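Me: Could you walk me through one part of this model up close, and then show how it connects to the rest? I'm happy with numbers, as long as you tell me what each term means.

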Amino acid sequence: LPDILSIRTRMVLGLLLANGPLAEETKPTLADLSWISGCWLLETEKVRSEECWMEPAGTLILGLHRDVRPNGKTFFEYLRIEQTDSAIVYFATPRGRETTAFPLKETSKNRVVFENPAHDFPQRVIYHLKDDGTMVASIEGLQDGQMRTEEWVWRKGSITSK
């Protein structure tokens, strides 16, 4: 009986050390975010939105966002997710102007949150790949003292001229 207890005790301790609070935490990598890759589309009566992300390569995932309204007005944004020396960071450059950095706040399977509390709006950028294959992108934060959220539900697609 003592041998059985000692085997069980060793097994439990081994599991605790491997999976418990003492386990070494693995840092997320760009490969963990590869699910964001591809072209994502959203079409409504008011706007056609397109967001395309390249596969992770080296220290970068490059992206581009474009909105086209029925009246021809457009908006675009250069995007990148970069592995820096200290963290994974989402960089947004709306209309090719000033770039804002949003360091990785949290990640889980098919969900990522980037956050910059010092930015005016948004302070958080969130992407989540749902089980049905759609991707929800949202931005949120305080604006004029009020919590504001904008959300897009994208479907995988290809970019075509319209």
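Reply: Let's begin with strand β1 (residues 38-43) and its neighbour β2: six bridges join them, and the two run antiparallel. Strands pair here when DSSP finds at least two bridges between them. Strands themselves are DSSP runs of E with at least two residues, helices are runs of H or I with at least four, and both are numbered from the N terminus. Please keep in mind that this is a predicted model, where local features need pLDDT of at least 70 and side-chain atom pairs count only at pLDDT 80 or more, while totals for chains, interfaces and linings use all residues. Residues are numbered from 1 along each chain as its sequence is written, and side-chain values rest on heavy atoms, with hydrogens and water left out.

Within the first pairing, W40 has E51 of β2 as its bridge partner. The link from β1 to β2 is a hairpin of four residues. Strand β2 spans residues 48-53 and is mostly covered, with five of its six residues buried. Buried means under 20% relative accessible area, exposed means over 50%, and partly exposed lies in between, using a 1.4 Å probe and protein chains only.

On the next side, β2 is joined to β3 by six bridges, again antiparallel. W53 stands opposite G63 in β3. These two strands also form a hairpin, this time with six residues between them, and G58 in the turn has a positive phi of about 60 degrees. From there, β3 (residues 60-68) pairs with β4 (residues 74-83) in the antiparallel sense over nine bridges, and V68 finds its bridge partner in T74 of β4.

Stepping back, these pairings belong to a closed barrel of ten strands, running from β1 through β2, β3 and onward to β10 with antiparallel pairing. From one strand to the next, the twist averages 25 degrees, the angle being taken on a 0 to 180 degree scale between N-to-C directions of lines fitted to C-alpha atoms. The protein has one helix and ten strands, and the helix comes before the strands when you read from the N terminus. Of the 162 residues, 33% are buried.

Now back to W53, which opens up the aromatic story. A search of the whole structure finds six aromatic pairs. Rings of Phe, Tyr and Trp (its six-membered ring) pair if their centres lie within 6.5 Å; planes under 30 degrees apart are stacked, over 60 edge-to-face, and the rest tilted. W53 and Y90 make a tilted pair, 6.1 Å centre to centre with 45 degrees between the planes. This pair links distant parts of the chain, since W53 sits in β2 and Y90 in β5 (residues 88-94), 37 residues apart. W53 and Y90 are both buried. Y90 also pairs edge-to-face with F102, at 6.2 Å centre to centre and 70 degrees between the planes. Y90 is in β5 and F102 in β6 (residues 100-108), so this pair ties together parts twelve residues apart in sequence. Y90 and F102 are both buried as well. The wider group is one aromatic cluster made of W53, Y90, F102, F114 and Y127.

Another ring, that of F91, has the charged end of R80 over it, 4.0 Å from its centre. For that label, CZ of Arg or NZ of Lys must be within 6 Å of the ring centre and within 35 degrees of the ring normal.

Finally, there is the largest pocket, with a volume of about 580 Å³. It is lined by 25 residues, and F75, E77, P122, I139 and W152 lie nearest its centre. A pocket is an open set of points on a 1 Å grid over the protein atoms alone, where a 1.4 Å probe fits, with protein on both sides within 12 Å along at least five of seven lines; lining residues have an atom within 4 Å of a point. The volume is the space filled by probe spheres set on the points, which are joined across faces, edges and corners. Several strands each supply at least two lining residues, including β3 and β4 from the walk above. β10 gives the most, with four residues.
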